[in-house]
Structures are given as structure tokens and as C-alpha cells.
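Me: Can you walk me through this one? I'd like to start with how bends are described, then go on to the rest.

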Amino acid sequence: MIKIDQIVDAVGKKARSRDAAVQRAAGSATANCLGTTIFGSILAVFALLYFRTSISHVALFWGAFILTRPLGATVGDFLDKPLDQGGLFFSRPLASLFLIVGSIVALIVFLPQRTGRQNAKIRIH
């Protein structure tokens, strides 16, 4: 006789294997430029919401934080994927160097550079 526990266990295993297959398929589908564009656009929307609305900054932070993992995986896959599969075929050390230098350049270009403020008056005796 089949027990209820065996049925529940079999259904659970089937659901877990289906979920794993869906996750692999979703990972493969996003491992291209379109995936990078989608995740980057969603992160830009989170940034816009952060600065322009009164939505909880904590909730927006966690939403953006959760999105950074697939975005990082997508960019990493694009950088080290072979050319015939649509990647740039960088080695991992070269891809890491590319990301570090690119991040530094982006910070310099996009963050405003301001002169320091002097609150104290200078007295000459």
C-alpha cells in the first residue's frame, strides 16, 4: 500500500526538480546582453524611486540588493563566455580587472566633483 507520506514526498521531489529546471532556464535566458539591459533598467527604476518617491528606502535597498546577484552573474557570463556564444572571451582575471577599472572610471565620470567648503574664516595676525 502507498502511504500518504510517500505521495507527498514524491510530489515534493517532482516540484523541486521542476523548480531547479526553471531556475537553470531563467539563468541561461538572462546570461546575455538583454538580461544585462533588463536587470540594469530595473536597478535604474529602483534608484529613481529612491530619489523621487517616499517609498521605504529600506525596501528599495533590499529590492536593489536582490537584483545585483543576477546582474553580476549576467555581466560575468558575458565577459568570459566564448566569442562564438556571444561573449567577449576574457579570462577571469582580465574580466575582474576590466570591472574594477570600469567601476573606478564610472565613479569619476558620474559622481559630481566639488571643491571643499571652508566654514572657518582665516585670520591673518
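Reply: The bend at a residue is the angle between two fitted axes, one for the seven residues ending there and one for the seven starting there. Please keep in mind that this is a predicted model.

Me: OK, where is the kink in α3, and about how many degrees is it?
Reply: The kink in α3 lies at T68, shortly before the proline P70, and comes to about 25°.

Me: What span should α3 have, and how far apart are its end C-alpha atoms?
Reply: Helix α3 covers residues 57-80, and because each of its 24 residues is counted at 1.5 Å, with the factor being one less than the number of residues, the helix should span 34 Å; the end C-alpha atoms are 34 Å apart, which agrees.

Me: Which residues of α3 are buried?
Reply: The buried residues of α3 are L60, G63, L67, L71, T74 and L79, while across the chain of 125 residues the buried ones make up 10%.

Me: Switching to rings, how many aromatic pairs are there?
Reply: The structure holds five aromatic pairs. One of them joins Y50 and F51, edge-to-face, with 5.0 Å centre to centre and 85° between the planes. Ring pairs also link F61, W62 and F65 into a cluster.

Me: And F51, buried or exposed?
Reply: F51 counts as exposed because its relative accessibility is 66%, over the 50% cut-off, whereas Y50, at 35%, counts as partly exposed.

Me: What about the overall fold pattern?
Reply: The chain has four helices and zero strands, so that along the sequence the pattern reads α-α-α-α.

Methods:
Residues numbered from 1 in each chain as written. Predicted model: local features only at pLDDT ≥ 70, side-chain atom pairs only at ≥ 80, totals over all residues. Heavy atoms only, no water. Phe/Tyr/Trp six-rings, centres within 6.5 Å; stacked < 30°, edge-to-face > 60°. Buried < 20%, exposed > 50% of the residue type's maximum accessible area, 1.4 Å probe, protein only. Helix = DSSP H or I, 4+ residues; strand = E, 2+ residues; numbered from the N terminus.
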